[in-house]
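Reader: Could you walk me through this model, starting with how its interior is packed?

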Amino acid sequence: MSKLGVFDLSVRYGKIPALNDVSFHVQEGERVFISGPNGAGKSSLLKAICGAVSTSHGRIEMDGDLLTGRPPEAIARLGLSMVPEGREIFGSLTVEENLRIGTGIRRDLEAIETDIDEIYQSFPILRERRHAAAGALSGGQQQMLAIGRALMTNPKLMMVDEPSLGLAPKIVDQVYDTLIALQEERGLTLLIVEQSSLRAARVGGKMFLMRGGRIVGAGNAAEMADEDALAQAYFGTPRVEGAA
Ligand code: ATP
């Protein structure tokens, strides 16, 4: 049984189709990238999986449980967490208040303090700045905070939408180093939307390439980022400069 199974999934916004019959699997402990150009449907796919947008067709399963039709809180309780595009942290709240917001669905109140401490161990900068307004953090620190907040629900599967967005390449390196370390420490399964397939290839893992609401390619990220394969998938031409 795969960790996550997506079967013939379609999503529409009114009459606009965003996803068309998308099917794929993620195995336990894998790191899987969804890559592709703007408007390919990458964010819609993650939003459908975490229950934030409704589906018009198909089904989603995690560990054999049906996710389709469940509200986002119920899906989170099953062990799925999302780091949204743009991070969506609360800038006027402190770093620690932002971490505690993620605990709303938890019933094991006494374990929350231990978990906050563990997050501070993974992200010492967040401990240092725990009483600062989150809006005062740098972009990279805000991304770490968004990841820390997602960890507060103790996920088994974490989805991250565009962690590189707006960050300098060196900071993106740090964010990915952190994600890989967390994956090793916690045995997390990661599903990451990363527009740059070259970045995905550098980090390593499996990759699904999307275009026009469909998966148009799948394989090892390093092989998939091959320039010709990308050019063909993006533009339908054999070779386009700077296709990645
Ligand atoms: P980006 O990298 O630009 O976020 P994406 O690959 O994540 O792109 P989506 O954001 O999922 O793509 O968008 C897929 C399609 O659905 C696009 O045509 C987009 O314009 C449309 N779309 C997305 N969100 C909405 C919405 N809330 N209402 C109407 N159409 C939408």
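Author: Happy to! A nonpolar core is a set of buried Ala, Val, Leu, Ile, Met, Phe, Trp, Tyr and Cys residues joined through side-chain atoms within 4.5 Å, where buried means under 20% relative accessible area with a 1.4 Å probe, protein chains only. The model is predicted, so local features need pLDDT of at least 70 and side-chain atom pairs pLDDT 80 or more, while totals for chains, interfaces and linings use all residues. Residues are numbered from 1 along each chain as its sequence is written, and side-chain values use heavy atoms, without hydrogens or water.

Reader: Which helix gives the largest share of the largest nonpolar core?

Author: That core has 37 residues, and Phe123, Leu145 and Ile147 are among those with the most contacts inside it. Helices are DSSP runs of H or I, at least four residues, numbered from the N terminus. Six of the core residues come from one such run, residues 139-151, which is helix H6.

Reader: How many residues does the second, separate core have?

Author: Phe24, Val32, Val53 and Leu191 are included in this second core. Its total is 29 residues.

Reader: What share of the residues of the protein count as buried?

Author: The protein has 244 residues in total. With the under-20% cut-off, the buried share is 49%.

Reader: How many charged residues are in the lining of the largest pocket?

Author: Asp, Glu, Lys and Arg count as charged. Besides 13 nonpolar and five polar residues, the lining has charged residues numbering six.

Terms used: Buried < 20%, exposed > 50% of the residue type's maximum accessible area, 1.4 Å probe, protein only. Helix = DSSP H or I, 4+ residues; strand = E, 2+ residues; numbered from the N terminus.
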